[in-house]
Amino acid sequence: MQANGAGGGQQQPPPQGPAGPELGCLGAQNGEASSGSAAGEQLAHANGLLPSASAANSSGGSSSPGGLSVNNGVPAAGGPGSAAAELGGGGGSALKKKKRLSQSDEDVIRLIGQHLHGLGLNQTVDLLMQESGCRLEHPSATKFRNHVMEGEWDKAENDLNELKPLVHSPHAIVRMKFLLLQQKYLEYLEDGKVLEALQVLRCELTPLKYNTDRIHVLSGYLMCSHAEDLRAKAEWEGKGTASRSKLLDKLQTYLPPSVMLPPRRLQNLLRQAVELQRDRCLYHNTKLDNSLDSVSLLIDHVCSRGLRSVCGAPYMLQCLGIMRKQFPCYTQQILTEHCNEVWFCKFSNDGTKLATGSKDTTVIIWQVDSDTHQLKLLKTLEGHAYGVSYIAWSPDDNYLVACGPDDCSELWLWNVQTGELRTKMSQSHEDSLTSVAWNPDGKRFVTGGQRGQFYQCDLDGNLLDSWEGVRVQCLWCLSDGKTVLASDTHQRIRGYNFEDLTDRNIVQEDHPIMSFTISKNGRLALLNVATQGVHLWDLQDRVLVRKYQGVTQGFYTIHSCFGGHNEDFIASGSEDHKVYIWHKRSELPIAELTGHTRTVNCVSWNPQIPSMMASASDDGTVRIWGPAPFVDNQDIEEECSSMDS
């Protein structure tokens, strides 16, 4: 038969001669009907997978008048499309021994076969398995799959007995049977067969003595008045292909891959490869999209669309300098309105404003232009006699709390919209209120300092709770609304629960923790440690993940931050007058930003504009960092051309 052509609809007699019967046998081994087959017999799929109705209608195949199945437009036996034609005509060449495939080759063929089957190209899968001599999955697994998808639960249970010797864990069969019976039970209920469902619950599920809590939940579904109520309470798609496919995905996790491949294995491997390339891309700073449709699998990942089209994959490393130009490494604006050292800067949660605090006793609110990304002075908040060393925006950005240095016992709560002072709080003149953090509800905040004060207050400055004897260096409220993290003078970070008054140790360093910040998901903590630099901790596992190199950190308080679309980057000021940027997974800096002339005390990455960052320095200025101006495809093309020459 022709490799990619379509045979005639009329059946032809088999070729005569010595090679005729032998080739007819080969055709049968390849899954094709031999010349001696009954005319009305349909060709069975070699991989054992039943084609879907949509696949049968869209595969391009048709049936000959004799009733034989046609694969991809090629007749199953006889005529111009015979086996002899496909094999090149000569019997001797047809019988050449096939090269034995390696294990990796077999794995790739199985992965491709699974993907094609998912697309409904079952006849193509048949031909692939026949020609390669591979098996997509174990025959018992094939039967099991088909019986599950057809809802033949008794047969599926019998298939489990055949699969039992192939499953590594003895408990896996019990779990698989439980999942099967659960689906059977739910389908009976949806069909209104309450007595049959009760029989499954009492006589099949309960005797398994597995997951009794779930059985109690299932029994409650007997009270559902109609099918919609059942589907809503059970969070179940209902009887049919969708729920059975989901069930099969769960069942496959208990079977070894040699028996049945994990669901969508090829897509998962490709997705992992794309994610790995993104992780290795030093300047990748775009919104995370896990869909394979958003990338090309034909070339390696390159951040810039221009680079992708102009340079191509071989230039990826050479073009890092160009991609760096699209990263916040260039001074876009220098804010000089403060007249003394600038100790702190922080973008609002919505990214539209920047607050800066200075030794000159003022807080300045800056407005970010959404089009030009230029900042202009919006409000100046005055009267902080000791200067402003820390600022915290409320979750809704309506309020701002300002704190002073160690000898400051006061705290200011400002209404950002009106510029009015709502509360000026001071519990005692002996207090030191140097840090503050907002509760996620926006109605409370915690504050404290190194003289042993640790308070929880409302928006009017009323004291709600206090924790005695904790010398606080820095504070953070977790998203649970209960836990407050506090670094103290014992070189540690502890978690304090103001509801049940419990505390626990989370991080222990060997040197003073000058400041820290937490990632949006609450998993990672970024610490500035005296004489050590910037450390990354995993709060869940309570382990030190990484120590970042390059930064100069003594005993000054320097504030670092997470940044970028997916918080893949880390930035910190330094006592050597620079701003350092690292990729989260790399200890070496990917950028060192120069321009400040004294210690850089604080950096803040705009949470809504990933290409914008601010830094505050003792030189009295605030620098706004962004991409290099006027980078376009023409620049990229010229630089790539010069690199090529």
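Me: Buried means under 20% relative accessible area, exposed means over 50%, and partly exposed is in between, using a 1.4 Å probe and protein chains only. With that in hand, is Glu157 buried or exposed?

Reply: Heads-up: this is a predicted model, where local features need pLDDT of at least 70, side-chain atom pairs count only at pLDDT 80 or more, and totals for chains, interfaces and linings use all residues. Residues are numbered from 1 along each chain as its sequence is written, and side-chain values use heavy atoms, with hydrogens and water left out. Glu157 has a relative accessibility of 15%, so it counts as buried.

Me: How many salt bridges are there?

Reply: A salt bridge here is a side-chain nitrogen of Lys or Arg within 4 Å of a carboxyl oxygen of Asp or Glu. Going by this rule, the number of salt bridges is 23.

Me: Which residue forms a salt bridge with Glu157, and how far apart are the closest N and O atoms?

Reply: The partner is Lys177, which counts as partly exposed at 30% relative accessibility. For the salt bridge between Lys177 and Glu157, the closest N and O atoms are apart by 3.8 Å.

Me: What does the pair of Lys177 and Glu157 tie together?

Reply: Helices (H or I, at least four residues) and strands (E, at least two) are DSSP runs, numbered from the N terminus. Glu157 sits in helix α8 (residues 153-163) and Lys177 in helix α9 (residues 170-190), so the pair ties together parts whose separation in sequence is 20 residues.

Me: Which residue forms a salt bridge with Asp249?

Reply: The closest N and O atoms of this pair are 2.9 Å apart, and the partner is Arg264. Asp249 lies in helix α13 (residues 241-252), while Arg264 is 15 residues away in the loop between α13 and α14 (265-280). Asp249 is partly exposed at 23%, and at 45% so is the partner, Arg264.

Me: Asp538 has a salt bridge with Arg523, so is Asp538 buried or exposed?

Reply: In this pair the closest N and O atoms are 2.8 Å apart. Arg523 is in the loop between β18 (513-518) and β19 (524-529), and Asp538 is in strand β20 (residues 533-538), so the salt bridge ties together parts 15 residues apart in sequence. Arg523 is partly exposed, with a relative accessible area of 29%. For Asp538 the figure is 8%, so this residue is buried.

Me: Which residues do salt bridges with shared partners join into one network?

Reply: Sharing partners is what builds this network of salt bridges. Its residues are Asp154, Lys184 and Glu204.

Me: On to the sheets: which strands stand at the edges of the open sheet β1-β28-β27-β26?

Reply: Two strands pair if DSSP finds at least two bridges between them. This sheet of four strands has antiparallel pairing. Each edge strand has a single partner, so one side of each is left without a neighbour in the sheet, and these strands are β1 (330-335) and β26 (600-605).

Me: Which residue stands opposite Ala616?

Reply: Strand β27 (residues 613-617) runs antiparallel to strand β28 (residues 622-626), with four bridges joining them. The residue in β28 that stands opposite Ala616 is Val622.

Me: And what stands opposite Arg444 in β12?

Reply: Another open sheet has the order β10-β11-β12-β13, also with antiparallel pairing. Within that sheet, strand β11 (residues 444-448) pairs with strand β12 (residues 454-458) over five bridges. Opposite Arg444 stands Asp458.
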